[in-house]
Amino acid sequence: MSLNTPMDDETLLEVRNLEKHFQVDEGIISSLLRSVTGAEADYVHAVDGVSFDLKRGETLGLAGESGCGKTTTGMSLVKLHEPTDGSIRFRGRDLTEADDDELAQFRQNAQMIFQDPFESLNPRMTVYDTIAEPLRIHDVRNETARVRRALEFAELQPPDQYFNQYPHELSGGQRQRVAIARALVLDPDFIVADEPVSMLDVSLRAGVLSLMERMTEEFDLSVVYISHDLSLLRHMCDRLAIMYMGKIVEKGPTEDVIENPQHPYTRSLINAVPVPDPGIGRERVELGGEVGDAIDVPSGCRFHGRCSEYIGDICETEEPPLEGKADFEGRQEVACHLYEPADDVVEARVGETTDTGDDSAASADD
Amino acid sequence: MATQDEPSIFADLDDGATEEDVESVNRWERTLRLWRETIGEQWRMLTDDLLVKLAMVTLTFFMAVAIFAPLLAPHGPLTRQYETDAEIIIADWVDPVFIDSESAYILGTTSQGYDILSQLIYGSRAALLVGLLAAVFTAGIGTLVGLTAGYYGGKIDDTLMRIVDFLYGMPLLPTVIILVALLGPSLWNIIFAIIVLQWRSTARVIRSQALSLRERPFVKAAQVAGASDWHIISRHLAPNVLPLSFLYGAFAIAWAILAEAGVSFIGLGDPNRVSWGTMLQSSRAYAALDFGVWWWFVPPGICIGLVVISGFLIGRGYEEITNPELR
Ligand code: SF4
């Protein structure tokens, strides 16, 4: 089956246990020492077991403080990083096993919009060349007409007037529109948008956001929005996943997560946002205490050092699984020992004979 | 790509409804323009500076002299104007016109009976050949190696940079001298030896540029769109490091000419070719300084100085372009 063939209501993207670790840079001396002593290299656990599904036409928000691994996750989704472990399936095909043809098809279908429109356009390329580049790479016909169409869609009118302009001649908002046009020109199915408006002037944000809404609608796109700005994500996303130190701690329909947050970390994030107002961006959320060490990750629940609900040893010894819980109304999944697993989770567990089954049985008793 | 259920905004373009590719914008034209504008912009910024302009004029002058040497030179560079007593080194030269107004030789002759002006004119060929070839190859090889190492990183980077480190361990002039002594004294060997040693600095600087460029989002965007490595290196990295390549190329002109003069001066110059370095060498061999025959060694010295300074000035002008903090 071709990766280009769309199906109705399909699950476009399945991410399972995605991990991305970066080896810590070290000098020659220390790497020699390490090979002599047999010690292990240090790794930054940027993403440490992230799973989610994304349906066709669905928008998912990845939220969290900077350094929580949301950008690394986004980059792995469009194959800017090779995952250390875990799998990403696009239309059912595991990308790590995909051959060159399938990879080229994936490249046509998955695009990314970057945070800084001043950096994401080559300063030495005209608007036309920038947008036409993906078409040339994939040998798509009707280059000029497509570029024109994409510019029109991005509300850069009249398009021909922009053809020969260089990025430095454009405003930030115009540049981000060019970047969006470039992402759309191949008619993709999946886009990762990494803080798409955070570098823009507040007055320009609403315009770019409504363009992105229109694009999701018109192209029937599945979009992963990455942002620290919960009010923006609330406005743009069907579902929300809150990340902390490389893991998703809470995941579910946006309204449930925002209106009725369950994980102590999510609560503190949301409490830090005074009034939800989608039009206005906000500075980074502050929270007491330090984010844990991403190299020497904390045992058990990674949030235990900062958690206000800390309930004892179990938080430090048992890693809470992300699962449906029985104690509250919302439909979200939460990774925290405060709550009892939902009935169906327990049932599924009982069926399992693996050691994880034993673990969770123990934690369910608490 | 177009979805069957919901036609995309590009749908009619995919139906083939439009006739054979109505490309109003030719891609070769555009690539060409990208390069022309990049170079043009550099050129405009460069020629903004008066000193750089003077340096350019000087270099152009010497280039013209080199090209038209056979027309300009009154005599052959290695044609004896008269025979001295064979075998014996004697001070038998003709004074230049400004000392002896009767003289037929504007800058006089050497003690071997060669016309100094003609030697000077032909000597510019060697100097510029060495300078320009070394510059082109130094910048070219250095840029290519630097981009490859910086873009790919990892083992490729390690290997290439160890080679560069190794070359850095060798002092320029002594190594060129040894290489030329081994390979035989010819202009091509001198050029070769200079290039072998000189690309190291370009490679190192371009590599560090490429290292930071490859992390820039516009390179990431091209990767996401599926661009090949070569595409990224040639379209995204190369145009952005071009000013630096030029800078090192300009400095290479100066260093190469100095190195050639040095090698020739100690007697390893090409015996069949006149260069400013070999002129200095023979003036020393015939003890011109002791006899006060300054018109033999001062003109080639001035020429070397002018060309070398021009090279450095252009390099310096470039440095200001690439590093705005110097302005
Ligand atoms: S598992 Fe414990 S430490 Fe972690 S969030 Fe829940 S209560 Fe806090």
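Me: Accessible areas come from the Shrake-Rupley method with a 1.4 Å probe, and for residues only the protein chains shown count as cover. How much area does chain A expose on that basis?

Reply: Chain A exposes about 15,400 Å², of which carbon and sulfur atoms supply 47%. The model is predicted: local features need pLDDT of at least 70, side-chain atom pairs count only at pLDDT 80 or more, and totals for chains, interfaces and linings use all residues. Residues are numbered from 1 along each chain as its sequence is written, chains are lettered from A and ligands numbered from 1 in the order in which they are written, and side-chain values use heavy atoms, with hydrogens and water left out.

Me: Why is K251(A) called buried?

Reply: The relative accessible area of K251(A) is 12%. Buried means under 20%, exposed means over 50%, and partly exposed lies in between; K251(A) therefore counts as buried. In chain A as a whole, buried residues make up 56% of the 366 residues.

Me: What makes the link between K251(A) and S51(A) a polar contact?

Reply: The side chain of K251(A) reaches the backbone oxygen of S51(A) at 3.1 Å. A polar contact is a pair of N or O atoms within 3.5 Å; within protein, one must be able to donate a hydrogen and the other to accept it, and residues adjacent in sequence count only if both atoms are side-chain atoms. The distance of 3.1 Å therefore meets the limit.

Me: Which residues touch K251(A), leaving aside its neighbours within four places in sequence?

Reply: Contact means heavy atoms within 4.5 Å. Among the residues in contact with K251(A) are S51(A), F52(A), R239(A), V257(A) and E333(A). K251(A) itself lies in strand β10, residues 247–253 of chain A.

Me: What makes residues 127–137 of chain A a helix, and how covered is α4?

Reply: Helices (H or I, at least four residues) and strands (E, at least two) are DSSP runs, numbered from the N terminus. Helix α4 of chain A has eleven residues, and ten of them are buried. The buried residues include V127(A), I131(A), A132(A) and R136(A). Chain A comes to 13 helices and twelve strands.

Me: How do you know that A132(A) is buried?

Reply: A132(A) counts as buried because its relative accessibility is 0%. Leaving aside its neighbours within four places in sequence, A132(A) is in contact with E143(A) and V147(A). Q23(A), by comparison, is 109 residues from A132(A) in sequence and 36 Å away in space, C-alpha to C-alpha.

Me: Why are N17(A) and E155(A) called partly exposed?

Reply: N17(A) has 47% relative accessibility, so it counts as partly exposed. E155(A), at 39%, counts as partly exposed for the corresponding reason. N17(A) is found in strand β1, residues 11–23 of chain A, whereas E155(A) lies in the loop between α5 and α6. Neither is a glycine, yet phi is positive: about 55° at N17(A) and about 60° at E155(A).

Me: Where does P158(A) lie, and what is the peptide bond before it?

Reply: P158(A) lies in the loop between α5 (143–153) and α6 (172–184) of chain A. The bond from Q157(A) to P158(A) is cis, with omega near -10°.

Me: Why is M63(B) placed between the buried and exposed classes?

Reply: M63(B), in helix α3 of chain B, is partly exposed because its relative accessible area is 30%.

How values were computed:
Buried means under 20% relative accessible area, exposed over 50%, partly exposed in between (1.4 Å probe, protein chains only).
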